[in-house]
Amino acid sequence: MIVRFIARDGTITSAAATVGDRLLDVAQTHDQPLEGTCEGQLSCATCHVIVDPADFARLPPASADEEDMLDLAHNATRTSRLACQIHLTGALDGLTVRIPG
Ligand code: FES
């Protein structure tokens, strides 16, 4: 499967991924600037991504804890998510996310 990252300068990276991968790990493998400081413990929001609105409904809803952390993320939008909380499934093939400014 493929996921796409859109960088701050508009560069698009198509990344090969496997069902079960965490989006954060795929991003870091492909040199995307997501720090993921807390390594998925929901205490940093440095893994914030903005999901393409066309793809947002394909994702399972965020947990209350993820929503709380997103409230603290810079430049959060209605389609913001935390990449450490997104586990890829076959239904997410072609997912496109933007790296926030
Ligand atoms: S890596 Fe810290 S909240 Fe996702």
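What follows is a short walk through the core, the salt bridges, a charged patch and two backbone oddities of this predicted model.

Local features need pLDDT of at least 70 and side-chain atom pairs count only at pLDDT 80 or more, while totals for chains, interfaces and linings use all residues. Residues are numbered from 1 along each chain as its sequence is written, and side-chain values use heavy atoms, with hydrogens and water left out.

The inside is a good place to start. The largest nonpolar core (buried Ala, Val, Leu, Ile, Met, Phe, Trp, Tyr and Cys residues joined through side-chain atoms within 4.5 Å) has 27 residues, and those touching the most other members are Val3, Phe5, Leu23, Leu82, Leu88 and Leu95. At least two residues of this core come from each of strand 1 (2-6), helix 1 (23-29), strand 3 (48-51) and helix 3. Helix 1 gives the largest share, 4 residues. Helices (H or I, at least four residues) and strands (E, at least two) are DSSP runs, numbered from the N terminus. Buried here means under 20% relative accessible area, exposed means over 50%, and partly exposed is in between (1.4 Å probe, protein chains only).

Next come the charges. There are 3 salt bridges in the structure, each a side-chain nitrogen of Lys or Arg within 4 Å of a carboxyl oxygen of Asp or Glu. Arg81 pairs with Glu66, their closest N and O atoms 2.8 Å apart. Because Arg81 sits in strand 4 and Glu66 in helix 3, this pair ties together parts 15 residues apart in sequence. Arg81 is buried at 5% relative accessible area, and Glu66 is buried too, at 2%. In another bridge, Arg58 meets Asp55 at 2.9 Å between the closest N and O atoms; Arg58 is partly exposed at 33%, whereas Asp55 is buried at 9%. Arg22 and Asp25 make a bridge with a closest N to O distance of 3.0 Å, and Asp25 is partly exposed.

On the surface, Asp65, Glu67, Asp68 and Asp71 form a negative patch. Patch residues have over 30% relative accessible area and no salt bridge, with like charges joined within 9 Å and nonpolar side chains (Val, Leu, Ile, Met, Phe, Trp, Tyr) within 5 Å. Asp65 belongs to helix 3 (residues 64-70).

Lastly, the backbone. Most residues other than glycine have a negative phi. Glu39, in the loop between helix 1 and strand 3, has a positive phi near 55° and is exposed, at 59% relative accessibility. Asn75, in the loop between helix 3 and strand 4 (80-82), has a positive phi near 60° and is partly exposed, at 48%.

How values were computed
Areas by Shrake-Rupley, 256 points an atom, 1.4 Å probe, with all protein chains shown as cover. Lys, Arg positive; Asp, Glu negative; His and termini not counted. Charge placed at Lys NZ, Arg CZ, Asp CG, Glu CD.
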